[in-house]
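Visitor: I would like to go through the labels used for this model one at a time. For each, please give me the value and the cut-off behind it.

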Amino acid sequence: MSETLLEVRDVHVSYGKAEVLHGVSLSMKPGSIVTVIGANGAGKTTMLNAIMGLVPYTGTVEYDGKPVPRSIEARVAAGLCLVPERRELFSSMTVEDNIRLGGFLRAASEREAMEHDIYQRFPRLAERRKQLAGTLSGGERQMLALARALMSKPRLLLLDEPSLGLAPKIVADILAIVGELRNTGVSILLVEQNARAALEIADEGYLVEVGEIRKSGKAADLANDPALMEGYLGRM
Ligand code: ATP
């Protein structure tokens, strides 16, 4: 296993003629939580999409010392999993079926054991397993999106704004779950507008502004940075 799990170097992305990422670089060690914070429209989602190979880019993205696999099966098999901002659950399917789908590469016996673990970790989902995903609350939908992602046994989970649209109490619950996942050996790249809460659970942080990394460092240092406090943390 490489010392660096994810290495992003000088990545540029354009939509048509407009360049929205102007050479971003980021690196992640295995077993860490790294957060990318920044305002709406700064380019955070675009960064995740470039890392996953979902948008064309120039520059380098290496996962475990190699280029990111191109097909979704190969990415899942390599342990890479993105939970997009819109969650993208199957609303007209049950909680149980959504979770089962996340383990599509697993043998049935392994899938059952994993489902058992998932329901222990998310008792709320166990209570609602026969319910349609479309009838869940916002927080439960986010839990379901996380649970489904965990069924793929990720080594690196990319989370796009898991707190979006959730009440503050639920944000704290979701981010606490994300923090606990690190203890199971999953590394997490966490994109958040909710800077203060994200820095609390992260090891390292990167601040993105208009397509550039403006600051980076230990999450605890960023959380105590007066300029950053004023610009972001104060109003979030
Ligand atoms: P948000 O929190 O709103 O998702 P973000 O930091 O994730 O913001 P991006 O979604 O990456 O930002 O967007 C970066 C810039 O690229 C924005 O100016 C946005 O309007 C633009 N953009 C995003 N997707 C596209 C697209 N498909 N076509 C054209 N422009 C886009």
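Visitor: What makes a residue a contact of Glu 140, and which residues does Glu 140 touch?
Guide: Contact means heavy atoms within 4.5 Å. Leaving out residues up to four places away in sequence, Glu 140 touches Arg 124, Leu 125 and Arg 128. This is a predicted model, in which local features need pLDDT of at least 70 and side-chain atom pairs pLDDT 80 or more, while totals for chains, interfaces and linings use all residues. Numbering runs from 1 along each chain as its sequence is written, and side-chain values use heavy atoms, without hydrogens and water.

Visitor: Why is Glu 140 called buried?
Guide: Its relative accessible area is 4%. Buried means under 20%, exposed over 50% and partly exposed in between, with a 1.4 Å probe and protein chains only. Glu 140 therefore counts as buried.

Visitor: What is the polar partner of the Glu 140 side chain?
Guide: The backbone nitrogen of Ser 137 lies 3.0 Å from a polar atom of that side chain. A polar contact is a pair of N or O atoms within 3.5 Å; within protein, one must be able to donate a hydrogen and the other to accept it, and residues adjacent in sequence count only if both atoms are side-chain atoms.

Visitor: How do you know that α6 is a helix, and what is its span?
Guide: Helices (H or I, at least four residues) and strands (E, at least two) are DSSP runs, numbered from the N terminus. Helix α6, residues 138–150, has 13 residues, and Glu 140 is placed in it. From first C-alpha to last, α6 reaches 19 Å, close to the 18 Å expected at 1.5 Å a residue. The expected span is 1.5 Å times one less than the number of residues.

Visitor: What makes α6 "mostly covered"?
Guide: Of its 13 residues, 11 are buried; among them are Gly 139, Met 143, Arg 148 and Leu 150. The buried residues of α6 pack against β6 (80–83), α3 (95–102), α4 (108–121), α5 (123–127), β7 (156–160) and α7 (168–181).

Visitor: Why is Glu 112 called exposed?
Guide: Glu 112 is in helix α4. Its relative accessibility is 55%, which means that it counts as exposed.

Visitor: What makes a residue part of the shell around the ligand, and how many are there?
Guide: A residue is near a molecule or strand if one of its heavy atoms lies within 4 Å of it. For the ligand, 13 residues surround it, and the closest are Asn 40, Gly 41, Gly 43, Thr 45 and Thr 46. Ala, Val, Leu, Ile, Met, Phe, Trp, Tyr, Cys and Pro count as nonpolar, Asp, Glu, Lys and Arg as charged, and the others, Gly among them, as polar. By class, the shell has four nonpolar, six polar and three charged residues. Helix α1 (residues 44–51) gives the most, with three residues.

Visitor: Which protein atoms lie at polar distances from ligand oxygens, and how much of the ligand is covered?
Guide: A polar side-chain atom of Thr 46 lies 2.5 Å from an oxygen atom of the ligand. A backbone N or O atom of Gly 41 lies 2.7 Å from a ligand oxygen, and one of Lys 44 lies 2.9 Å from a ligand oxygen. The protein covers 58% of the 620 Å² of accessible area that the ligand has on its own. Such areas come from the Shrake-Rupley method with a 1.4 Å probe; for residues, only the protein chains shown count as cover.

Visitor: Why is Lys 44 called buried?
Guide: Lys 44 has a relative accessible area of 4%, so it is buried. It is found in helix α1, where seven of the eight residues are buried. The backbone oxygen of Gly 38 lies 3.0 Å from a polar atom of the Lys 44 side chain. Not counting residues up to four places away in sequence, Lys 44 touches residues including Val 36, Gly 38, Glu 161 and Gln 193.

Visitor: What is notable about phi at Asp 10 and Val 210, and where do they lie?
Guide: Asp 10, in strand β1 (residues 6–15), has a positive phi of about 50 degrees although it is not a glycine. Val 210 lies in the loop between β9 (204–209) and β10 (212–218), and its phi is near 30 degrees, again positive in a residue other than glycine. At 44% relative accessibility Asp 10 counts as partly exposed, whereas Val 210, at 58%, counts as exposed.
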